[in-house]
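Biologist: I've got a model open on my screen and I'd like to talk it through with you. Could you take my questions one at a time?

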Amino acid sequence: MERTCHPFPILFAEDNAISRKIVESHLGKAGYEITSVKNGRKAFELFRKNFFPIVLTDWMMPEMDGLELCRAVRNHESEGYVYIILLTSNDKKDQVVSGFEAGADDYLIKPPDPAELIARIKTGIRVLELEGSLKEANEKNRILSITDPLTGCYNRGYLMEQLPREIRRVRRYGHPLSLGLCDIDHFKKVNDTYGHQTGDKVLQIFIKCVRDTIRESMDWVARYGGEEFIVACPETDMGSAQVMMERLRETVAQRSIKAGDTEIHITVSFGLTSFDSHTPDNNVSAENMIRQADRLLYHAKNQGRNRIQAGAL
């Protein structure tokens, strides 16, 4: 019968070679992936290089004992929760309390009974699976909280949190940052003529055009309000941002959108601003960038729409 390896690898620290081999055998037969070392110091060195969600450790060991290993693991920034089981030959209450205070989740009396050992490991796995489910649920909630439900792009809340971060980051390293405020021309007329469902479709298609144009994992787009969107382009100077926005403008203008039996076309106006290491510090803020982009967008609208008006911060 083929043995299936469990997805939760175990790090085991035990200085007694015979005890180590016995535990390895029990856990190996049960299908667990186990990595064994002979003391706490070696265990922590390995833990820092490779994440182990379960740590099984003897209490009394040379160089670094089980309590020191517990504290070291708890103080280390890990990618997830670590379930720690402490092996001890002393079950006195004060000793057990010391183990829990050091960061252990559970303890076993040495030598561990094989069935009890497996049961305690399974308990730890249930805790880890619950922790994983909670993290996944929290991440989904976080994504929902920063996402515009209609278009799937970021919302205004994300914009007002992330843009100051981008400004601090690019300012620290002396890189440029460009920001475009985009407005769909005559959008009210689209809603009034073809209905809000068509208007929603227009917004969704516009965001698809944006995503097809901007650089993945670097640039981002957020809905500022109604039919207005902000495209942030970190590490991008004015000239490069203009090229990108012009490509986006042309893409949108060439796109036809079905509204019943009719095909409609839309255009977009842009207010584009930028700053770099030469921009005075007192000019650089999220509010000033958006305000400048809005002024430039207003000029683009007044000059006939379907165009880009650019100006430095």
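**A strand pair, a helix and a core**

Modeller: Sure, and keep in mind that this is a predicted model. To start us off, Thr-88 sits opposite Ile-109 of strand β5.

Biologist: Which way do β4 and β5 run, parallel or antiparallel?

Modeller: Strand β4 covers residues 83–88, and 4 bridges tie it to β5. Thr-88 facing Ile-109 belongs to this part of the model. The two strands run parallel.

Biologist: Is Asp-106 buried or exposed?

Modeller: Asp-106 lies in β5, residues 106–109. On that strand, Asp-106 and Leu-108 make up the covered face, while Tyr-107 and Ile-109 are on the uncovered one. The cut-off for buried is under 20% relative accessible area. Asp-106 comes out at 13%, so the verdict is buried.

Biologist: Which side chain does the Asp-106 side chain join in a polar contact?

Modeller: Looking beyond four places in sequence, Asp-106 touches Tyr-83, Ile-84, Ile-85, Leu-86, Phe-100 and Arg-120. The side-chain polar contact is 2.9 Å, and the partner is Arg-120.

Biologist: Moving on to helix α9: how far apart are its end C-alpha atoms?

Modeller: Helix α9 takes in 17 residues, 238–254. At 1.5 Å a residue it should span 24 Å, and the model agrees, because the end C-alpha atoms are apart by 24 Å.

Biologist: Within what arc do the buried residues of α9 fall?

Modeller: The buried ones are Met-238, Ala-241, Met-244, Met-245, Leu-248, Arg-249 and Val-252. Seen down the axis, they line one face of the helix, because they fall within an arc of 140°.

Biologist: And which residues are exposed on the other side of α9?

Modeller: The buried residues of α9 pack against β6, α8, β8, β11 and β12. On the other side, the exposed ones are Val-243 and Gln-254.

Biologist: Which element gives the most to the largest nonpolar core?

Modeller: That core has 31 residues, and Ile-184, Val-202, Phe-206 and Val-231 have the most contacts inside it. At least two residues each come from β6, α7, α8, β8, α9, β9 and β11. In soluble globular proteins, nonpolar side chains tend to be buried together. With 7 residues, the element that gives the most to this core is α8.

Biologist: Last one: which residues is Phe-206 in contact with, leaving aside its neighbours within four places in sequence?

Modeller: Phe-206 is among the residues with the most contacts inside the core. Leaving those neighbours aside, its contacts are Cys-182, Ile-184, Phe-229, Val-252 and Val-268.

Key:
Residues numbered from 1 in each chain as written. Predicted model: local features only at pLDDT ≥ 70, side-chain atom pairs only at ≥ 80, totals over all residues. Heavy atoms only, no water. Helix = DSSP H or I, 4+ residues; strand = E, 2+ residues; numbered from the N terminus. Buried < 20%, exposed > 50% of the residue type's maximum accessible area, 1.4 Å probe, protein only. Polar contact = N/O pair within 3.5 Å; in protein donor to acceptor, adjacent residues only side chain to side chain. Contact = heavy atoms within 4.5 Å. Expected span 1.5 Å × (residues − 1). Arc of directions from axis to C-beta. Core = buried A, V, L, I, M, F, W, Y, C linked by side-chain atoms within 4.5 Å. Pairing = 2+ DSSP bridges.
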